[in-house]
Amino acid sequence: MEKILEYEIKCPLCRNTMVVEEYLYNMPLVGKVLIASGRCRVCGYRFSDVRLAEPREPRRIVYRVEKPGDENTLVIRASTASIKIPELGVEITPGPVAHGYITTVEGIIIDVLEKTEFLCSTSDAPRDKCRKKIRELEAARNVEKPFTLIIEDPDGVSAILSPKACIEPLRKRDS
């Protein structure tokens, strides 16, 4: 891993200065990846982003999860990309402090499941509705029912590492 850049930004939480370092890493099967990382020394806020180092055109990546093993596919999601799983009613949209990450399809489902469980335990949401959503997410995690993972990336630096992934151009009106 090679450090290629270091710069200062304002912390999005406390507005103090924080240092971000960027590294170039050549990942097997993926190619060059840019990894950014920083931590505010005042409030402890952590920033991280991962993206393919060679930008491409804005794109939509569609991946169908149909059988056990499909959930193990690697996903690189840039901080500017949105994720949708229409069959589950899941939409993850980037915000001003969004993070990029490398995970698997299952990792995305687990993250959504954990957040759903937390929200259900701390809100006034109807218990039966929460239980139903949690069961749906657990079934998706276990690939008991097919679903579609869609990444829409205006910067073209996200990826789903599978030959089954379909890449389409993302036009302005699509996003």
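A salt bridge here is a side-chain nitrogen of Lys or Arg within 4 Å of a carboxyl oxygen of Asp or Glu. By that yardstick, Asp70 and Lys67 are paired through their side chains, with N and O 3.3 Å apart. Keep in mind that this is a predicted model. Searching the whole structure turns up 15 salt bridges, and the disulfide count is 1. The largest nonpolar core holds 24 residues.

**Salt bridges**

- The Asp70–Lys67 pair mixes two environments: Asp70 is buried at a relative accessible area of 4%, while Lys67 is partly exposed at 48%.
- Lys84 and Glu152 also pair up through their side chains, again with 3.3 Å from N to O. Lys84 sits in strand β7 and Glu152 in strand β10, so this bridge ties together parts of the chain that are 68 residues apart in sequence.
- On accessibility, Lys84 comes out as partly exposed at 24%, whereas Glu152 is buried at 7%.
- Asp111 and Lys115 make a salt bridge whose closest N and O atoms are 2.8 Å apart. Both residues belong to helix α1, and their spacing of 4 residues is about one turn of the helix.
- Both ends of that helical pair are partly exposed, Asp111 at 28% relative accessibility and Lys115 at 48%.
- Shared partners link Arg64, Glu66, Lys67, Asp70, Glu87 and Lys164 into one salt-bridge network, and that network takes in the Asp70–Lys67 pair from the opening.

**A buried arginine without a salt bridge**

- Arg77 is part of strand β6, which covers residues 74-77.
- Arg77 is buried but has no salt bridge, and the nearest side chain of opposite charge, Asp49, is 7.1 Å away. Since the cut-off is 4 Å, that distance is too long for Asp49 to count as a partner.
- What does the side chain of Arg77 reach at 2.9 Å? It's the backbone oxygen of His99.
- His99 also turns up among the contacts of Arg77 beyond its sequence neighbours within four places, along with Val50, Ile83, Ile92, Thr93, Pro94, Gly100, Tyr101 and Ser158.

**The nonpolar cores**

- As background, nonpolar side chains in soluble globular proteins tend to be buried together.
- In the 24-residue core, Leu149 and Ile160 have the most contacts inside it. The elements giving two or more residues to this core are β5 (59-65), β7 (82-85), β8 (90-92), α1 (105-122), α2 (127-141) and β10 (147-153). Helix α1 supplies the largest share, with 5 residues.
- Leu149 is located in strand β10 and is buried, at 0% relative accessibility.
- Leaving out neighbours within four places in sequence, Leu149 touches Ile61, Val62, Tyr63, Val75, Ile83, Lys84, Ile85, Val105, Ile108 and Ile160. One of these, Lys84, is the residue that bridges to Glu152.
- With the same kind of neighbours set aside, Ile160 is in contact with Ile61, Tyr63, Thr73, Leu74, Val75, Leu149, Ile151 and Ala165.
- A second core, separate from this one, has 9 residues, including Leu52, Ile76, Ala78 and Val157.
- For a sense of distance along the fold, the C-alpha atoms of Leu149 and Arg39 are 31 Å apart, with their positions 110 residues apart along the chain.

**Cysteines**

- The disulfide joins Cys120 and Cys130, with their sulfur atoms 2.2 Å apart. The torsion about its S-S bond is about -95°, so it is left-handed.
- Cys120 lies in helix α1 and Cys130 in helix α2, so the bond ties together parts that are 10 residues apart in sequence.
- Cys130 is buried, with a relative accessible area of 9%.
- Why isn't the sulfur of Cys40 bonded to the one in Cys14? The sulfur in Cys14 is the closest cysteine sulfur to that of Cys40, but at 3.6 Å it is too far away for a bond.
- Cys40 is buried at a relative accessible area of 0%, whereas Cys166 is partly exposed at 43%.

Definitions and conventions: Residues are numbered from 1 along each chain as its sequence is written. This is a predicted model: local features need pLDDT of at least 70, side-chain atom pairs count only at pLDDT 80 or more; totals for chains, interfaces and linings use all residues. Side-chain values use heavy atoms; hydrogens and water are left out. A nonpolar core is a set of buried Ala, Val, Leu, Ile, Met, Phe, Trp, Tyr and Cys residues joined through side-chain atoms within 4.5 Å. Buried means under 20% relative accessible area, exposed over 50%, partly exposed in between (1.4 Å probe, protein chains only). Contact means heavy atoms within 4.5 Å. Lys and Arg count as positive and Asp and Glu as negative; His and the chain ends are not counted. A polar contact is a pair of N or O atoms within 3.5 Å; within protein, one must be able to donate a hydrogen and the other to accept it, and residues adjacent in sequence count only if both atoms are side-chain atoms. A disulfide is a pair of cysteine sulfur atoms within 2.5 Å.
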